[in-house]
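Good morning, everyone, and thank you for making time. Please take a moment to look over the structure on the screen before I walk you through it.

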Amino acid sequence: MPLHFLTGCELSAQQLSDLLRRAAELKRQPLSSKALEGSSVALIFQKPSTRTRLSFEVGITELRGNAVVLRSEEMQLSRGESLRDTALVLSRHVVAAGLRTSSDQALQELALNAHIPIFNMLSASHHPCQALADLLTIQEACGSLAGVQIAYVGDGTNVARSLALLGSLAGMHVTVASPPACALEASLTPPPHAQGTITLTDDPRQAVDQARAVCTDVWVSMSDEQADEEDISKRIRSLAPYRIDDALLDRADPRAFALHCLPAHPGQEITAEVLYGRRQRIWDQAENRRHVQKALLELLLSESVEGEASGGSLASSAAPSQASSSALLHR
Ligand code: CP
C-alpha cells in the first residue's frame, strides 16, 4: 500500500524526525540523491502557486526525476472524467502525484484510488508541506524541536492547522492566537503519540510569550477571495491586533524570529520592517520547502510497496459518479 501524505498525521514522530534530519542533509548536499532517477512525478494544480510549484519542480530535478506539471482545467477532469480513473492512469505513468485543490475530499478520493503515493500540495484544511518547511527552519535556529515553544498569530488557516498538528507531533508546544471568528476548531488535538501540545487563544500577546518563533499567514486566503467585500473588511479589522510587528516580537523570547508561508501582504499580517528585517527567517523558510519536499519524496517512495497495477480493486467500494468526482475538484 502506498504511504500518502494528506494531513501529515500519516507520519510517526520518528518518521517526521528522520525526514527533517534527511532534509538537512539534502540541503547541505543538494545533488547527492538520485532517488527519482528514471522516474516522473505529477504535480496537479487546481489553484495558483509560486513556491510549491517552484520548489517541487526544482527538487524533483535535483533528485534526477522528471516533474510533470498539470493544470486541472487542462485535464479531462474538467470535462467530467472521474478522480478514480485519473488516479488509475497516474499510477501507470508516475511514481507519485501531488494535488493542490480546494477540496479535501478530492484529495482523499485521489489517494483512495491511487496505487502510488499522493501528497497534499495545499487543500482547504491542510498545508503539510509548508509545515515541514516551517519545522526545518525552526530546527535550524533552535537545534532541536522537542519542548520548543512557538506561536502562530492571525487567521486560523490550513497553514495554522498543519503547523499545530506537525509541530506538536515534533514535540513542540504550539499556541495559536486568532479572533474567535477566524479560530481553528476547538476540537483540534495533537496526533496520537505526539509529545507536544496545541493551545488555542484569542490573545496574541499571551501566545507569543516565550515563543522562539512567531508565525503567520495572509488574512485573506485564496479560498476567501470570493467573499463579500464588507466581510473581508470586517475580517481585516478584527485581525489587526494579530499583525507581526517589532512590538509583538519584543514580547516573545529575545531570540524570537518571524515566519510567514508567503505570499505576504506587508502592512497587513506582517510589517515590512519585520518581513525584510533581521528578526525573520522567512526567506530561509521559503527555500526549505525544496529540501523538505525532496526528503518527503524519498520517504514516500521508500515506504510504499508497489500496489496492484491493473486498476480497480483498491477502490471498488468507493467509486463516485463521474459528475460528482469532477465537481469535487472544480467547485
Ligand atoms: N506557501 C505556499 O504554498 O506558496 P505558494 O502558494 O506560492 O505555492
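**Two domains and what lies between them**

Let me begin where the two domains meet: 22 residues of domain 1 are in contact with 18 residues of domain 2, where two residues count as in contact if their C-beta atoms, placed from the backbone, lie within 7 Å. Please keep in mind that this is a predicted model, in which local features need pLDDT of at least 70 and side-chain atom pairs count only at pLDDT 80 or more, while totals for chains, interfaces and linings use all residues. Residues are numbered from 1 along each chain as its sequence is written.

The bounds, which come from an automatic or database domain assignment, give domain 1 as 13-126 + 289-322 and domain 2 as 129-285, and the C-alpha centres of the two domains lie 26 Å apart. On the side of domain 1 that touches domain 2, the elements giving two or more residues are α1 (13-28), α2 (51-62) and α11 (282-303); these are DSSP runs numbered from the N terminus, with helices being H or I of at least four residues and strands E of at least two. Among them, α1 gives the most, with 6 residues.

Which residues are found around the ligand? They are Ser49, Thr50, Arg51, Thr52, Leu122, Gln130, Cys261 and Leu262, each with its C-beta atom, placed from the backbone, within 6 Å of the ligand. This shell draws at least three residues from each of domain 1 and domain 2.

Next comes helix α6 (residues 158-169). Because 12 of the 12 residues of α6 are buried, this helix is largely enclosed by the rest of the structure; buried means that 20 or more other C-beta atoms, placed from the backbone, lie within 10 Å of a residue's own. What covers these residues includes α1, α5 (128-142) and β5 (149-153). Just after α6, Gly171 takes a positive phi of about 95°.

Finally, the largest nonpolar core, meaning a set of buried Ala, Val, Leu, Ile, Met, Phe, Trp, Tyr and Cys residues joined through C-beta atoms within 7 Å, has 92 residues, of which Ala97, Leu132, Ala151, Val214 and Leu296 touch the most other members. The element α11 gives the most to this core, with 9 residues, and, because domain 1 and domain 2 both give residues to it, the core lies between them. Leu296 touches Phe5, Leu19, Phe119 and Leu132, not counting residues up to four places away in sequence.

Key:
The expected span of a helix is 1.5 Å times one less than its number of residues.
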